[in-house]
Amino acid sequence: MKSIFEHNQTKVVLCDNSLSDCNKIKALSTKFNFSDAYFTPGGSIKDNYYSVFDNLNSQYFCIFHDDDIVHFTDENVDDLISVLSQNLNKNILHLISSLSISENLMYVSVPKREIVKPYALHSIPYRNPFYPAWIYPNNNQTINEWHKCINAIGHYRLARKYSDVFLLQKLLEDTGYEYSSVPGLYFHIHHQTNDGAKLDIQAKLYLVLFTFLKSDFKQRIAYIMTLVLVSLKYMINKLYLISMESDTGR
């Protein structure tokens, strides 16, 4: 991220809510050229997000995860600034190329590939660009949706761990699914063992219902088939793990 740190039209802000690593991260924050650093030791995820939004004064923003990797060259950042400047009046989203890596899957998101409508359709299994790979315009419309998401209002309350899917679908619908591709590469590390969404059955059922209602007839047929195949794969994997544990215990 050195290219972003050193560019005169960008800034990197650190927001941290860790408790045990707080002092270590404070020491790191002085080592690197962060524009600002905000700390809420032991604070909630909501507190950490508000550290971002309460101090947001740029024309665009992007929220990078602490365990992911972002890569920009100096030329990438110049081109990125150029694209963002050209689209200032459009209020559209901008997508960085991304690579999602999990225990069982590697998924590459190519920005020039058309985003499927509805966006939620590729959420089970997940084949969409994750929300940190998007650059958002800093306007009232975007910030209001983020606040609803953070405070779990309306759809976001029921979506819980899938709130980012609903957030991006709403923002893309508001712009007629118009967005631009920007240079750079975002590596998303998906920790399936810590994925609360896998355990949140109610939220998953709500996502399925929401997606079904948003889809057309042909999409619904394909979606049902996908859900059946995903469920079968999950059950087969579960039975295999149970059998392995049984063999180990003998």
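A cavity is taken here as a set of grid points, computed over the protein atoms alone, where a 1.4 Å probe fits but cannot get out. In this predicted model, one cavity of 30 Å³ or more is counted by this rule, and the largest cavity has a volume of about 50 Å³. Its lining is formed by Asn 91, Leu 93, Pro 137, Asn 139, Gln 141, Thr 142, Leu 171 and Thr 175. When these lining residues are sorted by class, three are nonpolar and five are polar, while no charged residue takes part.

Among the lining residues, Thr 142 belongs to helix H5, which spans residues 140-150. Thr 142 counts as buried because its relative accessibility is 3%, against a cut-off for burial of under 20%. A polar atom of the Thr 142 side chain is placed 3.3 Å from the backbone oxygen of Pro 137, and Pro 137 is itself one of the residues lining the largest cavity. With residues up to four places away in sequence set aside, the contacts of Thr 142 are Phe 61, Tyr 136, Pro 137 and Leu 171.

The largest nonpolar core comprises 53 residues, of which Tyr 119, Trp 134, Tyr 136, Trp 146 and Phe 166 touch the most other members. Helix H7 (residues 163-174) supplies the largest share of this core, with six residues. In soluble globular proteins, nonpolar side chains tend to be buried together. The surroundings of Trp 134 were examined further: apart from neighbours within four places in sequence, Trp 134 is in contact with Phe 61, Cys 62, Leu 93, His 94, Leu 95, Ile 115, Tyr 119, Pro 129, Leu 168, Leu 172 and Tyr 179. One of these contacts, Leu 93, also appears in the lining of the largest cavity, and Phe 61, another residue touched by Trp 134, is likewise in contact with Thr 142.

Helix H5 is also involved in the packing of helix H3. In H3, which covers residues 45-53, the buried residues are Asn 48, Tyr 49, Ser 51 and Phe 53, and these pack against strand S1 (13-16), strand S2 (36-39) and strand S3 (60-61) as well as against H5.

For the protein as a whole, nine helices and eight strands are assigned, and buried residues account for 40% of the 250 residues. Of the contacts between residues at least 6 apart in sequence, 72% join residues at least 24 apart.

Note on methods:
Residues are numbered from 1 along each chain as its sequence is written. This is a predicted model: local features need pLDDT of at least 70, side-chain atom pairs count only at pLDDT 80 or more; totals for chains, interfaces and linings use all residues. Side-chain values use heavy atoms; hydrogens and water are left out. On a 1 Å grid over the protein atoms alone, a cavity is a set of points where a 1.4 Å probe fits but cannot get out, and a pocket is an open set with protein on both sides within 12 Å along at least five of seven lines; lining residues have an atom within 4 Å of a point. Grid points are joined across faces, edges and corners, and a volume is the space filled by probe spheres set on the points. Ala, Val, Leu, Ile, Met, Phe, Trp, Tyr, Cys and Pro count as nonpolar, Asp, Glu, Lys and Arg as charged, and the others, Gly among them, as polar. Helices (H or I, at least four residues) and strands (E, at least two) are DSSP runs, numbered from the N terminus. Buried means under 20% relative accessible area, exposed over 50%, partly exposed in between (1.4 Å probe, protein chains only). A polar contact is a pair of N or O atoms within 3.5 Å; within protein, one must be able to donate a hydrogen and the other to accept it, and residues adjacent in sequence count only if both atoms are side-chain atoms. Contact means heavy atoms within 4.5 Å. A nonpolar core is a set of buried Ala, Val, Leu, Ile, Met, Phe, Trp, Tyr and Cys residues joined through side-chain atoms within 4.5 Å.
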